[in-house]
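Visitor: I'm new here and would like to learn how to read this one. Can you walk me through it?

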Amino acid sequence: MSGWLEGQVAFITGGADGIGRAVVERYIKEGAAGVVVLDRDAAGLKTLADAHPGRIATVAGDVRQYADHEAAVSLALKQFGRLDTVVGNAGVFDFRRPLRSYTGASMAQTMDELFAINLRGYLYAAMAGREALIASRGSIIFTASVASFNSGGGGILYTMGKHAVVGMIKQLALELAPDIRVNGVGPGGTLTGLSGTEALGQTERSINANPAQFDERMAAGVLLGFGQRPEDHTGLYVLLASALNSRAVTGEIFMSDGGTGARSV
Ligand code: NAD
């Protein structure tokens with residue numbers, strides 16, 4: 001049986017682990033000819049590339065550096081001959097830190113770091129991929145969040161940043177039409193190694209420190225009653241990457257949050 005992404009080529013940021021990694025694996029399963037992954041986790045990139053010989057190309061770098069995105073797009077064109085989908089996904093969390101916990105200095109540092117990764121990193125991916133995507137009439141997908149529409153999914157900075165992703169999707173959908181479709185996927189709380197900022201000393205902290213507790217909290221708080229896993233979201237990334245199956249979809253964010261957004265209290 002042929003997949004939904006036969007022969008297509010994607011570039012994804014933050015694909016060495018978590019949701020990004022699950023998307024890479026799924027794209028390969030759906031027949032993608034190649035996926036280029038930009039991530040700062042060099043060891044994770046190697047494991048991924050070794051698992052799929054010839055189908056994965058990697059750039060060990062930082063999404064805050066434009067040159068790293070340019071290198072990823074060049075690699076896609078050189079190694080696989082085209083680029084159909086850009087997925088902006090690499091991100092860090094603020095572990096729900098409230099406004100009152102910041103000093104002026106820690107706010108400046110954390111905001112600069114978190115926005116540079118979670119927002120500038122997405123914009124850079126779109127900028128670097130734009131020309132190649134115009135040529136293929138491709139699509140951009142950004143990882144949004146439950147924190148893109150409501151409070152409490154993060155602290156003040158993470159929530160602001162994920163709300164800004166919605167603005168990015170809508171504005172770029174307008175600016176890049178009719179050549180490139182621009183959409184988002186909004187996961188709910190998902191068991192991954194999502195970590196924090198250097199500015200808050202939280203690079204070693206991760207949301208999956210206690211999986212049983214995580215699952216228990218999610219089961220109680222989510223309509224569908226289970227803690228999500230990275231693979232649970234990948235079908236939407238496939239759908240939005242497939243022109244055949246979502247040709248008329250742009251400027252949309254598809255939620256994948258177990259029904260969190262359907263509840264008012
Ligand atoms: P993760 O930590 O498993 O994956 C993130 C990846 O991004 C990692 O491989 C990491 O090395 C990479 N990365 C982080 N900063 C980077 C940088 N500066 N340069 C290059 N690579 C960098 O976490 P995840 O949960 O899979 O997160 C993926 C996306 O999903 C993020 O945008 C996150 O905000 C979003 N999200 C996560 C959840 C959740 O509950 N896990 C929910 C909604 C949205």
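Guide: Let's begin with a term: a polar contact is a pair of N or O atoms within 3.5 Å; within protein, one must be able to donate a hydrogen and the other to accept it, and residues adjacent in sequence count only if both atoms are side-chain atoms. Here, a nitrogen atom of the ligand sits 3.0 Å from a backbone N or O atom of Val-63. Taken alone, the ligand exposes 830 Å², and the protein buries 95% of that; such accessible areas come from the Shrake-Rupley method with a 1.4 Å probe, and for residues only the protein chains shown count as cover.

Visitor: What kind of model is this, and how are residues numbered?

Guide: It's a predicted model: local features need pLDDT of at least 70, side-chain atom pairs count only at pLDDT 80 or more, and totals for chains, interfaces and linings use all residues. Residues are numbered from 1 along each chain as its sequence is written, and side-chain values use heavy atoms, with hydrogens and water left out.

Visitor: Which residues come nearest to the ligand?

Guide: A residue counts as near if one of its heavy atoms lies within 4 Å of the molecule or strand in question. Of the 29 residues around the ligand, Asp-39, Asn-89, Tyr-158, Thr-190 and Thr-192 come nearest. As for another polar contact, an N or O atom in the side chain of Asp-62 is 3.1 Å from a nitrogen atom of the ligand.

Visitor: Which residues of helix α3 are buried?

Guide: Helices (H or I, at least four residues) and strands (E, at least two) are DSSP runs, numbered from the N terminus. Buried means under 20% relative accessible area, exposed over 50%, partly exposed in between (1.4 Å probe, protein chains only). In α3, the buried ones are Asp-68, His-69, Ala-72, Val-73, Ala-76 and Phe-80. They cover an arc of only 140° around the axis, so they lie on the same side of α3; that arc is taken over the directions from the helix axis to the C-beta atoms.

Visitor: What about unusual backbone spots?

Guide: Most residues other than glycine have a negative phi, and most peptide bonds are trans. Arg-96 isn't a glycine, yet has a positive phi of about 60°; it lies in the loop between β4 (85–88) and α4, partly exposed at a relative accessible area of 39%. Ala-177 and Pro-178 are joined by a cis peptide bond, with omega about 5°, and Pro-178 lies in the loop between α5 and β6 (181–187).
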